[in-house]
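Hi,

Here is the structure I said I would pass on. Have a look at it first, and then read on for what turned up.

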Amino acid sequence: MRGDGVSIEAVTSRDAMTEFAMLPFQVYGEREAWWPPDVQNEIDLLCSRAPISSHLAMMPLAARRAGKLVARVTAVVNFRYNTHWNEQIGQLIHFEALPNETAAAASMIEEAAQWLRQRGMTAVRSGFAAFLDYPYAVDNYCTLPPFLLRNSPEYYHNYFKSAGFMTEKGLTDFTIALTPQTLASYPKMIDDAARRGVRVQTWREHGFMNAVDAWTDVTNSAFERHWGWNPITREEVRPMLAGLARTEVADLSTLAIAGGDVVGAVFAVPDFSARLARVRHGVRLEETRGGGTRGALINIGVLEGWRGTGANLAMAARSFSAMARQGMKYAGYTLVLDENWPSRRTAQKLGGAITSNFVVYRRDFVK
Ligand SMILES: CC(C)(COP(=O)(O)OP(=O)(O)OC[C@H]1O[C@@H](n2cnc3c(N)ncnc32)[C@H](O)[C@@H]1OP(=O)(O)O)[C@@H](O)C(=O)NCCC(=O)NCCS
């Protein structure tokens with residue numbers, strides 16, 4: 001305990017983990033609409049019972065003021081990431097904090113940073129780690145964010161800057177209005193790719209679980225040098241996606257096939273806001289954000305040898321056409337690094353414009 005009543009504690013008991021996993025309800029609970037966390041999933045991760053756990057060393061920390069939980073974070077060494085990139089970078093995931101808690105948040109982050117330093121890390125990042133962490137919003141603070149993301153409060157920036165962090169990367173989210181004119185441009189994209197020997201199949205047509213494996217393989221190859229990514233295994237992806245086989249995902253997700261091989265993959269989802277978001281009674285979401293009208297392309301990759309063939313446009317065009325048939329008026333194209341021109345151009349050519357922005361923070365440890 002420090003003089004200001006703040007204490008930083010390791011989170012070890014089951015009760016403390018539950019309290020830790022529930023903090024977002026205090027941060028976002030008063031909003032009209034937000035995506036609540038999967039509490040059980042988070043507790044499984046904290047208990048090292050998740051498929052990804054064998055790749056991680058973790059230290060969840062809680063900041064309390066006069067006994068009350070006011071901030072949380074988990075310091076992570078992701079061995080797989082560090083081996084892949086030949087770096088010694090730690091990650092801070094699960095960061096959430098109440099307002100007016102700059103000192104508590106900064107001490108907690110410092111404690112987490114020291115834990116990482118003691119394990120030989122030379123830097124720490126917060127806001128991007130495959131399957132573990134997503135970036136911080138810099139706009140649209142109070143609206144429902146795109147699926148999987150959080151429109152974190154604006155005061156988080158102050159907390160990270162106070163803890164010595166810099167902005168490392170910017171990421172954007174595009175929205176495509178599925179107007180008759182835009183939809184009319186899609187068949188030509190599919191035909192152009194077909195003329196170059198690339199045809200598109202949905203995951204349902206390919207066989208859902210085979211498509212899941214193909215997605216894993218294509219993603220590992222296409223994202224091999226994509227900043228922030230680390231390789232993943234079929235064994236960890238299968239249980240994550242298997243439950244979606246009977247949902248619209250099977251018709252919205254697509255593959256690019258050439259000469260019998262899968263050379264590209266898209267993972268796309270319907271509008272999950274009615275099923276998964278917390279929307280205050282009586283609130284109607286903007287059509288661009290949810291309420292049954294916004295599907296989303298979550299991930300797209302084309303094997304290097306097949307880039308420039310239009311496989312990217314054909315896969316997305318087929319996915320967005322299926323979204324429109326299912327009644328969606330908008331498609332998200334989620335999370336593009338500012339400097340990823342091939343992906344930005346892909347989104348633009350499909351009719352997209354940037355509608356949300358996010359950042360990732362980093363601090364290099366001084367020797
Ligand atoms: C993103 C991806 C699917 C795009 O597919 P692709 O086949 O490479 O796309 P294209 O060849 O059609 O290129 C897209 C556009 O980017 C342009 N482009 C490529 N490199 C560029 C650069 N360095 N600067 C500016 N524009 C660039 C191309 O000229 C093209 O635009 P144009 O048609 O107006 O000329 C593919 O590059 C990929 O798999 N990348 C790795 C994974 C990834 O980043 N996925 C997206 C994550 S958000």
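Let's start with helix α9 (residues 208-222) and helix α10 (residues 234-241), which pack with their axes 10 Å apart and at an angle of about 130 degrees. An angle like that makes α9 oblique to α10, because it falls outside the ranges for roughly parallel, roughly perpendicular and roughly antiparallel, the last of which needs over 145. Their crossing is right-handed. If you want to find the contact on screen, look for V212, D213 and T216 on the α9 side, which meet R234, V237, R238 and L241 of α10. By type, the residues of this contact come out as three nonpolar, one polar and three charged.

Before you zoom in further, do keep in mind that this is a predicted model.

There is a second helix pair to look at. Helix α4 (residues 102-118) packs against helix α5 (residues 155-162) at an angle of about 50 degrees, and the axes are 9 Å apart. That angle makes α4 oblique to α5. The crossing of α4 and α5 is right-handed. T102, A105 and A106 make the contact from α4, while N158, Y159 and S162 make it from α5. Here the split is three nonpolar, three polar and no charged residues.

Now for the overall layout. The domain assignment of the protein chain gives domain 1 (6-133) and domain 2 (174-358). Taken over C-alpha atoms, the centres of domain 1 and domain 2 are 29 Å apart. How many residues of each domain are in contact with the other? On the domain 1 side there are 13, and on the domain 2 side 15. Looking at the side of domain 1 that touches domain 2, β2 (33-34) and α3 (79-85) are the elements that give two or more residues. The largest share there is from α3, with three residues. That side of domain 1 divides into nine nonpolar, two polar and two charged residues.

Last, the ligand. It is surrounded by 16 residues, and the closest are R307, N312, W341, P342 and R345. Which elements each supply at least two residues of the shell around the ligand? Those are β13 (294-302) and α14 (341-349). Of the elements, α14 gives the most to the shell, with five residues. The shell residues divide into seven nonpolar, seven polar and two charged.

Cheers

Definitions and conventions:
Residues numbered from 1 in each chain as written. Predicted model: local features only at pLDDT ≥ 70, side-chain atom pairs only at ≥ 80, totals over all residues. Near = placed C-beta within 6 Å. Helix = DSSP H or I, 4+ residues; strand = E, 2+ residues; numbered from the N terminus. Nonpolar A, V, L, I, M, F, W, Y, C, P; charged D, E, K, R; others polar. Domains from an automatic or database assignment. Contact = placed C-beta atoms within 7 Å. Axes fitted to C-alpha atoms, helices over the stretch in contact; angles between N-to-C directions. Parallel < 35°, antiparallel > 145°, perpendicular 65-115°, else oblique. Left-handed = near helix turned anticlockwise from the far one by under 90°.
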